[in-house]
Amino acid sequence: MEAYAAELEQLLKQINSGDTARLQSATATLSSQYYSKVICIPALFEIASRHPDIGLRQLAAVELRKQVRKQGGNWWESLEEPYRNQIKQRLLEIIVVEPSKPVRHSLARVISEVAKVELSKERWGELITFLYTCCQSPTAGHREVGVYVLDTLFEVIADTLTDRIADLFLLFSKTLADPDSLEVRVTTLMALGKIADFIDPQAQNEIKAFRDLLPGMVAVLRDCLAQGDEDSAVKGFEVFDNLLVIEAPLLSRHISDLIQFFVGIGANRAYGGTVRVSALSFLMWSTVYQKNKLVKLKLISPIIGSIFPIAAEPEPEDDDEDSPGRLALQVINSLSTNLPPQQVFPDCMQLIVSYMQNPEPTARKAAMLAFGVLVDGCADHMRSKINELLPLLCNGLQDPENIVRRAACMALGSVAEELSEEIGQHHATLLPLIFNLLNDPSEKVQKSSTNALDAILEGLGDDINQYLPALMEKLVYLLDSGSNSVKGVVIACIGSAAHSAGDSFQPYFPQVMARLQSYMAITDKDVLDLRGLATDTVSAVAEAVGKEIFRPHMNATMSQAVQGLELDNNRLRECSYVFFSVMARVFEEEFAPFLTVIVPQLLKSCNEEEKNPTEWSGEAEDDQSISLDDEDDDHFPGFSLNNALAEEKETAADALGQIFEACRSAFMPYVHESVNTFVKLLGHYHESVRKSAVGSLLSFLLTFYKMSNPQKWAPGTPLQVPLHENVAGLAKASADAILNMLDDEDDRSVVAQAFNEYTEALKEMGPGALADRKQSLAELVLLVLQKEHKCQLDVELDDEMSDGSVLRRVPQRVEEDDEQAEYDAVLINSACDLVGAMANALGAEFAVYFQQLFPLIAKYYKKSRPVSDRSMATGVLAECAMGLKKGVTPFTNEMLQIMIRALADEEEEVRSNAAFGVGVLLEQSETDLTSFYPQILQLLRPLFEVQDGIPNMADNAAGAVCRMIVRNPSAVPLDQVLPVVMQHLPLKKDFEENEPVFRCVLQLLQNNNSYLLANMPALLNVFAQVLSPPENQLKDATRAEIIGLLKTLQTHHADSFQNMISGMQSQYATVLISLLQ
């Protein structure tokens, strides 16, 4: 034993020597010859307890801990009992006399590992007694040891200690206020943070006891700051961050005081940046996990008022470095995304306007940056205000200070991403300002202005053509002469320009393509991001110019993209996968020869092994790496987060779905493995991967469906039009996998994505998409609309009931007061869209579900609700009426009252939806509603008269009037109504309403309506226009019926028909004659 221990000591000295070669040699020898024998445990203990060298004692203690926990504690158990007992006894003796703090901490972790084994077998009961005694010792060093060991025990055997929580609270109430040692107080704070994770949300006494300790915990943070121990303060802040997240309602009683405390620290420039950032982090997370409480206590305005001055502080040069100012902006962003915009937007905008008038450039910069982060959660709220808000951005873009101009560019980019259509409408104002900033002397302004330009171009459409010559000249110049950071955003901007320009981009193709291909050949690891961006942009250019023009470059660029996969760069692989997707979309079946190379790589990425950061276990106990850092090496031994790999999986899954859609039969050999991969990815820890898996799984289903050459589906079940056997099997497998995942899904965006994908699937393939799971899907939608789905159950709990009992975990209900965060509204909107799609797919049988869903949707039509909610409610109810057909009858009265109120709504979008809805309801319901006709016609009339309103409002009004005529022509004053409708024909945008319009017109003509017969030339003008391109103006049956009528007139009433033709406008007469030849 002595010789063995001496040899072991020499090897440890080699490790501590600092010589890399000796360290590697010693490590290999230890693993193969020494750590393979259990006798290494007492040998390491002897060195850790007796050696005079502190560094060697600590290293021995670290290694001892690893050996104790090896094989899940079985390695320790295999040691002879006398050795085990001796080590346990002496550990408690030496730790209280060990002078070195690092060694004491390492020995404490050894004690924890031993206790993990011993206490589970009901041995070593004296350990807890010893620790309690230490914690109450008059010697500060002993108290430090006792509390620290208890803290480490909670990392490994917390379950064993939970039955002692009451005693621990009593003990910690004393150590939390230790009169001599800050270390004792801080360690107690850390331990309390760990205990909190194990408090049952229903354990009233434990919750109350913990709450009573909170003031003392805050006092410890104050002590740390007062004594300049900022590292300990930051660790303490992290404890409070964790308290926000756990289920037990520990903070709610103190949240107001805590907000004030952390805001004060975050705003105090006397503290270091790390301390202030950590304090503001608590503030940010409180907006997520205590948002109801913040609203109830009216803390939102004070928070915003306190945050803006911090946002105006100077920023560090490094764009990736955290700073108080950047955290302040994150708080604003979190407020905007987690709270209703009515709670956040007014206060923020008031300060933004004020700060833009401040002579300090940093204040104006903060205003612009705040504007940019605010739009993330307030886009819909800001949509109608864009004309008022745009001057602020324009002023920022022209500010004399470059930091303000740059911030304004960043804000404009954010707004353009969220409100692309609205920003695109102001291109004449914005683009000259942006073009000017492309010449800015500041490289950072150049880069930010190019980013803003990129965002604007994405939504510009045909309006880009007038700018293309000057735009491309400038972008090519910057691509040739700019810095690498500028070149990156220029490359992306070229892709956006190509996307918007379409085939108008062809003149610029040669000069752009030559440059982009050179970037696709980059192998320098420092600038591989440029290669990735170029790969991405080449795909956008290919799609814009079309396959015939791009074909000469196809093989070369595919070869470069494939070679990029070998450069071991996640981001570059993502860009290559996007490239493959677009190439498949452009070349379709011609892409098939590349599948054997591409698809295995995509599947490999999807199936790449990775750790799940939401789970951890002590599987690292056999790790033989040598390290002195024993403080946190195993708090979460299995914790590994690789967002880059997750993003790669997301892109690969998307690509598989798109490539199958493009290549179809050639892809069939990979279908089975791909589907199994998607099902596996439904359980991935990252929400974006789960969303991609859902999307690709249902994309595969739709591709299969289209490949089966299906007949048009009919509403209802059992299916009137059977699915192909393979399609039915995939529909069943997809529905089972997705709906089972959704039952337990806790991310709202995943549920919303799944609902959106099912909405599209139902539109394409009808009830067959549901397989046999219509009940399950309806129940999920019901849960979401009731706001009781798991993804809507936030951590925040109510305080206490009047009798003192703690309430159960409940969903947040602040949104029931007519306000909800826009991020939450996305989920509700997707659920409502799915309701409409289910109604269309199931027909009258959907009434049994609609009975429960109707009141949940109807509550969103109230004047106090935002326009987006009111529009959604009327639109979805209209879709449901359309799908239910006669099945809507039981809901007629309630639905009609909503539609009548909505027809008088102040917002055009709502009135337009109501016009469609009331028309469908009057047409489909079996209830006699003719008594409402005069009132409804009176409400519809103003919709025809609005100038420059939304294009489909008058279309929907015309459709509604025509549905009323078809249902009961005698109840409509045709002589007054038809001239109004005729003046609006042909319809401008909503071509679906051409069906009721021309059904009505043809019916009236068959009945020899005098007004139409007297105005046949005008009606023939309309016929000529709807029979001309675009072809989607009419359905085939309606087109055929109109042409049939015209041919009948031409054949049997030649003279009259010729007179009608003579009365037409010449250009339409020519069209009509050519159609009839």
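Helices here are DSSP runs of H or I with at least four residues, numbered from the N terminus. With that in hand, let's work through some exercises on this predicted model.

**Exercise 1. Find where Asp568 lies, and say whether Asp568 is exposed or buried.**

Solution. Start with the neighbouring helices: Asp568 sits in the loop between helix H31 (547-564) and helix H32 (570-587). Next, look at the backbone: phi of Asp568 is positive, about 55°, although the residue is not a glycine. Finally, take the accessibility: exposed means over 50% relative accessible area, and Asp568 has 66%, so Asp568 counts as exposed.

**Exercise 2. Carry out a similar analysis for Glu122: which loop holds Glu122, and what is its phi?**

Solution. Glu122 is placed in the loop between helix H7 (101-118) and helix H8 (126-135). Its phi is near 60°, a positive value in a residue other than glycine. As for accessibility, the relative accessible area of Glu122 is 77%, so Glu122 is exposed.

**Exercise 3. Locate the cis peptide bonds that lead into Pro718 and Pro986.**

Solution. Take Pro718 to begin with. The bond from Thr717 to Pro718 is cis, with omega near -5°, and Pro718 belongs to the loop between helix H36 (687-707) and helix H37 (725-743). Now turn to Pro986. Leu985 and Pro986 are joined by a cis peptide bond with omega about 0°, and the loop holding Pro986 runs between helix H47 (974-984) and helix H48 (994-1006).

**Exercise 4. Compare the reach of helix H9 with its expected span, and work out how covered H9 is.**

Solution. Helix H9 takes in residues 140-156, which is 17 residues. At 1.5 Å a residue the expected span is 24 Å, and the reach from the first C-alpha of H9 to its last is 25 Å, close to that value. For coverage, count the buried residues: 13 of the 17 in H9, so the helix is mostly covered if buried means under 20% relative accessible area.

**Exercise 5. Decide how many disulfides the model holds, and examine Cys606.**

Solution. The test is a pair of cysteine sulfur atoms within 2.5 Å. By this rule there are 0 disulfides. Cys606 illustrates the result: its nearest cysteine sulfur belongs to Cys663 and is 16 Å away. Cys606 is also buried, because its relative accessibility is 1%. Cys40 counts as buried too, at 0% relative accessibility.

**Exercise 6. Explore the largest nonpolar core: which residues touch the most other members?**

Solution. This core has 392 residues, and Phe240, Leu243, Phe591 and Ile659 touch the most other members. By helix, H21 (residues 361-383) gives the most to the core, with 12 residues. Then zoom in on Leu243: setting aside neighbours within four places in sequence, its contacts are Ala196, Phe210, Leu214, Met217, Leu250 and Leu251.

**Exercise 7. Relate the annotated regions to the helix content of the chain.**

Solution. An unreviewed UniProt entry annotates residues 26-97 as "domain: Importin N-terminal". That span is 76% helix and 0% strand, with its end C-alpha atoms 30 Å apart. The unreviewed UniProt annotation "repeat: HEAT" covers residues 389-427 and 430-468. Residues 389-427 are 82% helix and 0% strand, and their end C-alpha atoms lie 15 Å apart. Residues 430-468 are 64% helix and 0% strand, with the end C-alpha atoms 15 Å apart.

Note on methods: Residues are numbered from 1 along each chain as its sequence is written. This is a predicted model: local features need pLDDT of at least 70, side-chain atom pairs count only at pLDDT 80 or more; totals for chains, interfaces and linings use all residues. Side-chain values use heavy atoms; hydrogens and water are left out. Helices (H or I, at least four residues) and strands (E, at least two) are DSSP runs, numbered from the N terminus. The expected span of a helix is 1.5 Å times one less than its number of residues. Buried means under 20% relative accessible area, exposed over 50%, partly exposed in between (1.4 Å probe, protein chains only). A nonpolar core is a set of buried Ala, Val, Leu, Ile, Met, Phe, Trp, Tyr and Cys residues joined through side-chain atoms within 4.5 Å. Contact means heavy atoms within 4.5 Å. UniProt positions are given in the numbering used here, feature names are shortened, and annotations may be inferred rather than shown by experiment.
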